[in-house]
Protein chains: 2
Amino acid sequence: MSLVQDTPVDAALSPFGPAVALSCRECGARYDLGAAYSCVECFGPLEVAYAFGTVTREQIEAGPASIWRYQPLLPVAPWAADEPNLAPGLTKLVDARNLAAALGVTGRLWVKDDSGNPTHSFKDRVVAVAQSAARRLGLTTIACASTGNLANAVAAAAARAGQRSVVVIPSNLEAGKTVTTATYGGTLLAVEGSYDDVNRLCSELIGEAITADWGFVNVNLRPYYAEGSKTLGYEVAEQLGWRLPQQVVVPIASGALLTKIDKGFRELVSLGLVEDAPYRVFGAQAAGCSPVAQAFDNGWDAVRPVKPDTIAKSLAIGNPADGPYALDVVRRTGGAIAAVSEEEIVEGIRLLAETEGIFAETAGGVTIATLRRLIADGRIDPTADTVVYNTGDGLKTLDAVAEHVSVTATVRPRLDEALAALVAEGSTTSEGTAS
Amino acid sequence: MSLVQDTPVDAALSPFGPAVALSCRECGARYDLGAAYSCVECFGPLEVAYAFGTVTREQIEAGPASIWRYQPLLPVAPWAADEPNLAPGLTKLVDARNLAAALGVTGRLWVKDDSGNPTHSFKDRVVAVAQSAARRLGLTTIACASTGNLANAVAAAAARAGQRSVVVIPSNLEAGKTVTTATYGGTLLAVEGSYDDVNRLCSELIGEAITADWGFVNVNLRPYYAEGSKTLGYEVAEQLGWRLPQQVVVPIASGALLTKIDKGFRELVSLGLVEDAPYRVFGAQAAGCSPVAQAFDNGWDAVRPVKPDTIAKSLAIGNPADGPYALDVVRRTGGAIAAVSEEEIVEGIRLLAETEGIFAETAGGVTIATLRRLIADGRIDPTADTVVYNTGDGLKTLDAVAEHVSVTATVRPRLDEALAALVAEGSTTSEGTAS
């Protein structure tokens with residue numbers, strides 16, 4: 001790893017596309033593109049630095065129906081789309097009129113529904129970019145520390161590419177995440193501890209000989225991995241007809257997703273792909289793991305670690321690496337961060353399902369409930385255009401809602417019993433036609 | 001309901017697009033478009049009859065990224081895409097090179113992966129078409145008899161459209177299907193019986209006053225509903241660059257899906273959208289519910305009902321309405337139908353997950369296992385191009401694989417324990433770099 005000068009690249013030929021270096025977010029020191037994530041000068045986190053060429057809307061629109069249409073903006077080779085991968089992205093932006101009505105939003109409201117990805121969470125995006133980087137760097141095993149969704153995404157992406165995977169998870173995850181990961185194959189190591197324990201363990205493993213050719217997508221490949229989340233900013237802007245939304249609500253786990261959506265918006269402005277216009281970024285956490293919301297409320301620059309205790313396991317990161325940067329984005333744009341109770345999370349899941357037919361995982365419940373809370377508090381403008389991100393699928397967190405819902409009635413296969421049950425039901429619902 | 005003459009329609013203006021009548025599949029009697037499914041002359045099933053206009057590839061390619069791009073070929077209004085719906089379809093056609101290698105297929109092999117639909121099964125397609133018909137016919141409640149996937153699709157589609165839904169299911173379904181359906185809201189009636197009991201009960205309900213404005217998507221709206229499956233033929237042909245595959249493998253529940261894929265292919269040929277070329281249609285069933293496979297093996301024209309007993313609940317229809325028509329298609333095209341054991345179903349799920357990163361539900365396991373069986377028997381040509389349909393998502397049938405997979409190891413959050421577990425794992429796998 002050495003300090004490097006800026007060198008212009010031809011993004012159409014370079015193995016890392018428009019990426020030119022890794023750059024320290026704290027001190028600005030620059031390094032060759034490699035499997036590194038921490039500055040040797042100041043220990044700050046590294047991120048990808050670019051020398052973008054000219055990029056046009058037409059060029060992007062003519063690209064694949066996946067995140068690879070944004071290759072000119074990502075640290076991946078022009079041929080990334082042609083290497084075995086799950087082709088995530090270009091998920092639906094749902095015009096959520098029923099949800100808007102239920103929440104008293106008079107502006108437009110959209111749900112960016114990333115449950116439509118191949119393994120049904122936004123993690124397919126970040127893994128695809130990290131997997132491409134792993135190939136360029138000669139790393140033949142892809143690995144991760146995961147709260148579950150990432151485990152699914154890594155194991156599936158490795159299966160598709162014929163690579164080995166090693167997935168490390170807390171041992172208390174939902175069946176929807178562990179059984180799925182195990183079915184894709186690869187090594188699945190369960191750790192009796194929290195996600196923060198898992199993450200620390202993976203950092204320790206990186207020094208060991210056994211992992212010399214492993215790319216931990218969210219540790220030593222983190223700079224590339226995190227860039228994959230920019231596509232959730234790009235897609236929303238493109239799907240809105242190449243403009244920025246006025247308000248976005250984003251769940252916060254490590255905080256990387258929120259900061260990268262903001263980065264994606266700013267890049268589109270700087271490249272002239274959208275008009276510069278003000279937007280506000282709002283963050284969503286579960287009260288049972290709300291270190292960034294607490295820092296926001298208290299006006300702190302630093303984020304004090306907490307011990308997570310929430311059904312929103314995919315957001316249960318007590319020591320979020322990008323928390324301070326997420327705070328910066330929210331404060332810079334005039335947004336806010338709120339945290340919601342376990343009950344509100346379940347209500348949020350049900351509200352989204354009942355109004356839009358989208359069954360979100362607990363993280364989506366957090367985000368919808370936070371949207372509702374911020375509207376009630378007057379901090380989100382209900383007359384402005386708003387995009388709320390659903391990052392995962394309710395099928396992976398069934399237990400969270402299972403005790404709150406039930407069948408209307410159970411009957412024997414007889415017409416009289418069925419009619420009696422339906423008449424009783426119809427008489428108790430406003431939509432019912434029976435009495 | 002009255003017998004009607006052919007009348008030319010303008011598909012760009014008609015509320016049912018190019019559809020002109022309902023037509024009896026047995027005696028050819030024709031009826032006005034309505035909520036009918038059975039011929040008053042001979043009790044044969046009704047299907048939609050069309051008077052297609054000119055349809056071009058360019059017209060379709062310029063349409064929405066959903067089944068609505070095929071509106072000129074479906075019994076729906078030109079404005080169907082603009083009414084609230086889940087916009088299903090245009091799911092991935094996955095180039096399955098790893099699976100091909102594992103099965104000894106030297107031709108090309110693709111998986112049409114319909115788990116990418118909004119509620120993760122192909123049922124979103126048929127419900128969208130039925131929902132459109134319900135609107136045209138003034139039916140304000142959408143209802144269904146379901147083995148689970150349809151329940152999800154109906155409840156979600158109704159939620160999105162602000163309609164009432166009534167879903168009737170066997171009481172022994174997987175949690176992934178009942179909890180999900182209940183979360184979308186609507187009435188959910190569980191019946192202590194088989195799917196065939198549920199289906200019969202729904203037919204009986206149709207005569208009752210309480211259901212006067214109900215559209216049972218797979219009973220009195222069945223002619224429209226079933227047409228939605230044609231899109232699984234259209235999309236494959238379009239995604240192959242406007243040509244027909246040489247072989248397709250399709251799961252059989254009622255048999256409608258298989259017959260409609262064939263109908264879609266034939267329509268594309270007759271409209272000049274693809275070149276006429278021979279293709280063979282293969283059917284897949286679980287041995288625990290294989291009435292159509294048994295009829296095929298025995299050379300019967302009729303299908304003898306069976307009592308289902310299989311983990312492939314979404315295929316567990318013991319008295320399949322379209323079984324005889326599926327037999328006709330398979331025999332006409334020179335295909336075959338096979339049935340696979342419960343063990344083979346689980347192996348099929350695991351094989352697809354391990355090779356392509358696609359986690360299918362039990363029906364997908366049936367289809368992959370049948371593909372494998374037919375190759376081994378020499379009945380599918382491994383040198384020809386083949387498309388295999390995965391119609392649902394493994395997250396809905398986790399229990400089927402849960403007992404067959406497990407974590408590699410569980411350790412405390414300590415480097416020495418993690419290393420020991422990983423070295424042990426590495427030494428037992430061919431991909432391992434440790435010894």
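Which residues of β7(A) point one way, and which the other way? The close-ups below, drawn from a predicted model, begin with that strand.

**Figure 1. The two faces of strand β7 in chain A.** Here we look at residues 164-170 of chain A. A:Arg164, A:Val166, A:Val168 and A:Pro170 point to one side, while A:Ser165, A:Val167 and A:Ile169 point to the other. In a regular strand, side chains alternate between the two faces of the sheet. On both sides of β7(A), every one of these residues is buried. With seven of its seven residues buried, β7(A) is therefore largely enclosed by the rest of the structure.

**Figure 2. Strand β6 beside β7 in chain A.** Next comes the neighbour, β6(A), which covers residues 141-145. The two strands run in the parallel sense and pair over five bridges. To find your way along the pairing, start at A:Ala143, whose bridge partner in β7(A) is A:Val166.

**Figure 3. B:Val168 and the nonpolar core.** The largest nonpolar core holds 301 residues. The members that touch the most others are A:Val154, A:Val168, A:Val250, B:Val154 and B:Val168. Zoom in on B:Val168, leaving aside residues up to four places away in sequence, and you will find it touching B:Cys144, B:Ala145, B:Ser146, B:Leu189, B:Val191, B:Val198, B:Leu201 and B:Cys202.

**Figure 4. Helix α10 of chain B and what covers it.** This helix spans residues 291-298, and its buried residues are B:Pro291, B:Val292, B:Ala293, B:Ala295 and B:Phe296. Among the elements covering them are β11 (280-286), α11 (323-333) and β12 (337-340), which belong to chain B. Follow the backbone just past α10(B) and you meet B:Gly299, with a positive phi of about 70°.

**Figure 5. Chain A and its domains.** Stepping back, chain A has 15 helices and 14 strands. Its radius of gyration is 22 Å, close to the 22 Å that the globule rule gives for 435 residues, so chain A is as compact as a globular protein of that length. Of its 435 residues, 61% are buried. The domain assignment lists domain 1 (1-53) and domain 2 (93-120 + 227-402); their C-alpha centres lie 29 Å apart.

**Figure 6. Chains A and B as two copies.** A rotation of 180° with 0.0 Å of shift along its axis places chain A on chain B, with an RMSD of 0.0 Å. The copies are thus related as by a two-fold rotation axis. Both use the same surface, as 100% of the contact residues of chain A recur in chain B.

Conventions:
Residues numbered from 1 in each chain as written. Chains lettered and ligands numbered in written order. Predicted model: local features only at pLDDT ≥ 70, side-chain atom pairs only at ≥ 80, totals over all residues. Core = buried A, V, L, I, M, F, W, Y, C linked by C-beta atoms within 7 Å. Buried ≥ 20, exposed ≤ 12 C-beta atoms within 10 Å, placed from the backbone. Contact = placed C-beta atoms within 7 Å. Helix = DSSP H or I, 4+ residues; strand = E, 2+ residues; numbered from the N terminus. Rg over C-alpha atoms; globule rule 2.2 N^0.38 Å. Least-squares fit on C-alpha atoms with pLDDT ≥ 70 in both. Domains from an automatic or database assignment. Pairing = 2+ DSSP bridges.
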